[in-house]
Amino acid sequence: MPAEKSVLTIVLNDPDAELYARLIAGRFPQVRTIVALTPEYMARYLNEADALLASRFPIDLLEHAKKMRWIQWTGAGVDSIMPFRERIGHITITNARGIHGDIIADFVMAGVTMLHWNFRQLLRDQAERKWSPRFVAPLAEKTLGVVGLGAIGATIARRAKSAGMTVVGSKRDVSGLVDCVDRLFAPDALKEMLPLCDFVVLALPATATTVGLIGAAEIARMRRDAFLINIARGRVIVEAELIQALDAGTIAGALLDVFQQEPLPQGSPLWDMPNVIATPHISGSATNYAERVFAIFADNIERFLTGEELINVVDLARGY
Ligand code: GLV
């Protein structure tokens with residue numbers, strides 16, 4: 001569509017940009033889209049954009065975005081833009097929170113099962129044609145703790161409860177009850193929650209208050225037979241201290257989908273620790289991810305066009 005007839009120009013910077021462009025064309029013919037996958041294209045077209053769809057991109061490029069009023073983030077965590085919040089404070093940021101819960105809960109429950117049954121050992125035994133049966137306690141006798149009960153954490157809590165587990169959780173606002181959570185802890189009571197858990201699942205955003213939340217002292221509060229699962233952000237854990245604890249057997253093991261540095265550096269000991277399952281930041285990667293984002297994005301385009309308040313607005317002061 002020619003620029004002069006469009007009422008809104010959106011630059012699309014995402015591996016699925018072409019798909020988003022088609023979805024937008026089908027529903028909003030009055031909206032002009034520009035697919036800009038490289039920093040060069042971004043630099044060239046951002047000055048025409050009222051809005052941007054993106055997740056990670058060099059934020060410095062926004063200096064070209066003179067009339068940008070809105071950025072739709074394709075992920076949930078916006079921690080990578082927080083260092084620039086002073087510079088982009090005049091732009092409304094909306095994220096994709098609310099679309100990840102079911103797939104991440106699938107991933108977490110698969111991880112709980114693998115860690116609990118020690119599937120890593122079972123697969124090693126199979127490879128060696130070794131027949132070594134053993135007994136395993138049902139999950140219903142176990143306790144799972146969720147740190148961060150937002151949309152993702154709350155879905156994990158429901159799944160764990162449907163497996164019969166006792167579920168505890170921590171959350172910034174503990175004024176109300178949370179469905180399927182047997183006991184709720186305020187963030188400053190995390191140290192009381194940790195010893196209760198057979199599984200501790202981190203499901204909170206990386207913000208100024210949560211970066212480095214789990215270090216040696218917190219891990220020491222966990223039981224020696226407990227497992228840590230991180231589907232949040234690598235920086236929520238002090239990774240070097242976790243590696244030490246896993247090495248020393250302070251806890252039984254971990255499932256890590258996120259890391260301080262991604263891709264996980266080739267030299268990281270986490271790759272081959274026997275009590276670690278390391279995965280490449282995939283827990284929220286549903287096959288229909290772009291369609292899921294588009295449900296929010298389209299709602300927001302509609303709202304932008306009619307001057308209504310956008311949904312999923314990020315509170316830049318809070319960081320999520
Ligand atoms: C993925 O990690 C996301 O923030 O959506």
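**Domain contacts and the ligand shell**

Between domain 1 and domain 2, 3 residue pairs are in polar contact, both at pLDDT 80 or more (N or O atoms within 3.5 Å; within protein, one able to donate a hydrogen and the other to accept it, with residues adjacent in sequence counting only if both atoms are side-chain atoms). The side of domain 1 that touches domain 2 has no nonpolar residues, 2 polar and 2 charged (Asp, Glu, Lys and Arg count as charged; Ala, Val, Leu, Ile, Met, Phe, Trp, Tyr, Cys and Pro as nonpolar; the others, Gly among them, as polar). The model is a predicted one, where local features need pLDDT of at least 70 and side-chain atom pairs count only at pLDDT 80 or more, while totals for chains, interfaces and linings use all residues. Residues are numbered from 1 along each chain as its sequence is written, and side-chain values use heavy atoms, with hydrogens and water left out.

As for the domains themselves, domain 1 takes in 3–98 + 287–306 and domain 2 covers 101–278, with bounds from an automatic or database domain assignment. Their C-alpha centres sit 33 Å apart. Contact (heavy atoms within 4.5 Å) involves 4 residues of domain 1 and 6 of domain 2. The two bury about 460 Å² between them, 37% of it on carbon and sulfur atoms; this is the accessible area (1.4 Å probe) lost on being put together, summed over both parts. On the domain 1 side, D79, G98 and R292 lose the most area to domain 2, together 75% of what that side buries. There are also 3 salt bridges between the domains (a Lys or Arg side-chain nitrogen within 4 Å of an Asp or Glu carboxyl oxygen). R292 turns up in a salt bridge with D102, at 2.8 Å from N to O.

Now for the ligand. Around it are G75, A76, G77, H100, R233, H281 and Y289, each with a heavy atom within 4 Å. This shell splits into 2 nonpolar, 4 polar and 1 charged. Polar side-chain atoms come up to ligand oxygen atoms at 3.2 Å from H100, 2.8 Å from R233 and 2.7 Å from H281. Taken alone, the ligand exposes 190 Å², and the protein buries 76% of that (Shrake-Rupley method, 1.4 Å probe).
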